Amino acid sequence: MTCLTFPRHYRLLTAGDYRHVFDSAVYKVHGKGLMALATPNDLGHPRLGLVFSKKNVRRAVDRNRLKRLARESVRHSQYRLPGVDIVLLARRGVNEVDNNTVHRQLFGMWRRLEREAEKSTRPSRSSTAPHSPAAHQRRG
């Protein structure tokens with residue numbers, strides 16, 4: 001059985017970690033009331049950082065509920081997610097969404113992030129396509 005814990009090395013811990021994701025986000029995935037920014041890391045596993053401001057989610061109980069749901073969804077998806085640093089941001093109105101909807105949205109966001117990361121690591125067709133012979137002919 002696989003271990004589904006959420007230890008410290010699966011979290012963004014310092015302000016520098018967050019700043020790096022904000023400054024160089026390669027992937028941006030939206031959900032209803034949520035947005036995830038992500039940038040590749042060299043660790044081979046995802047790391048999660050949460051930004052749920054009091055301005056967007058007024059009550060502490062709602063912020064804590066959303067954080068708990070986000071951590072749980074990453075914990076269950078950690079072996080499918082690529083090696084990226086993710087910052088999950090809350091938008092206004094997300095606290096009015098029920099737990100099942102938030103859960104479905106997060107899993108959908110992680111699937112889209114996985115697809116985007118897979119697409120960007122795959123070699124593009126244009127770089128591997130053979131050059132046309134007309135481009136190599138001499139002009140006389």
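A residue is called buried here when its relative accessible area is under 20%. In this predicted model, buried residues make up 39% of the 140 residues in the protein. The accessible surface comes to about 9,100 Å², and carbon and sulfur atoms hold 50% of that surface.

**Overall layout**

The secondary structure consists of 4 helices and 4 strands, arranged along the sequence as α-β-β-β-α-β-α-α. Among contacts with a separation of 6 or more, 79% are between residues 24 or more positions apart.

**Strand β4**

Strand β4 spans residues 84–90. Because 7 of its 7 residues are buried, β4 is largely enclosed by the rest of the structure. Side chains in a regular strand alternate between the two faces of the sheet. In β4, V84, I86, L88 and A90 point one way, while D85, V87 and L89 point the other way. The residues of both sets are buried, D85 included.

Two strands pair with β4, as set out below.

| Strand pair | Bridges | Direction | Residues standing opposite |
|---|---|---|---|
| β2 and β4 | 7 bridges | antiparallel | P40 and V84 |
| β3 and β4 | 5 bridges | parallel | L50 and L88 |

Strand β3 is also linked to β4 through a helix: β3, α2 and β4 make a β-α-β unit, and this unit is left-handed.

**Nonpolar cores**

The largest nonpolar core has 28 residues. Those with the most contacts inside this core are I86, L88, L106, M109, W110 and L113. The elements that give two or more residues to it are the strands β1 (27–31), β2 (34–40), β3 (47–51) and β4 (84–90), together with the helices α2 (60–77) and α3 (99–121). Helix α3 gives the most, with 6 residues.

A second core, separate from the largest one, has 7 residues, including L12, Y18, V21 and L37.

**Contacts of L88**

Which residues does L88 touch, not counting those up to four places away in sequence? One group of its partners runs L34, M35 and A36, and another runs L48, G49, L50, V51 and F52. L88 also touches A70, L106, M109 and W110. Of these partners, L50 is the residue that stands opposite L88 in the pairing of β3 with β4. L106, M109 and W110 are listed, as is L88, among the residues with the most contacts inside the largest core.

Definitions and conventions
Residues are numbered from 1 along each chain as its sequence is written. This is a predicted model: local features need pLDDT of at least 70, side-chain atom pairs count only at pLDDT 80 or more; totals for chains, interfaces and linings use all residues. Side-chain values use heavy atoms; hydrogens and water are left out. A nonpolar core is a set of buried Ala, Val, Leu, Ile, Met, Phe, Trp, Tyr and Cys residues joined through side-chain atoms within 4.5 Å. Buried means under 20% relative accessible area, exposed over 50%, partly exposed in between (1.4 Å probe, protein chains only). Contact means heavy atoms within 4.5 Å. Two strands pair if DSSP finds at least two bridges between them. A crossover is right-handed if, with the strands pointing away from the viewer, the path from the first strand over the helix to the second runs clockwise. Accessible areas come from the Shrake-Rupley method with a 1.4 Å probe; for residues, only the protein chains shown count as cover.
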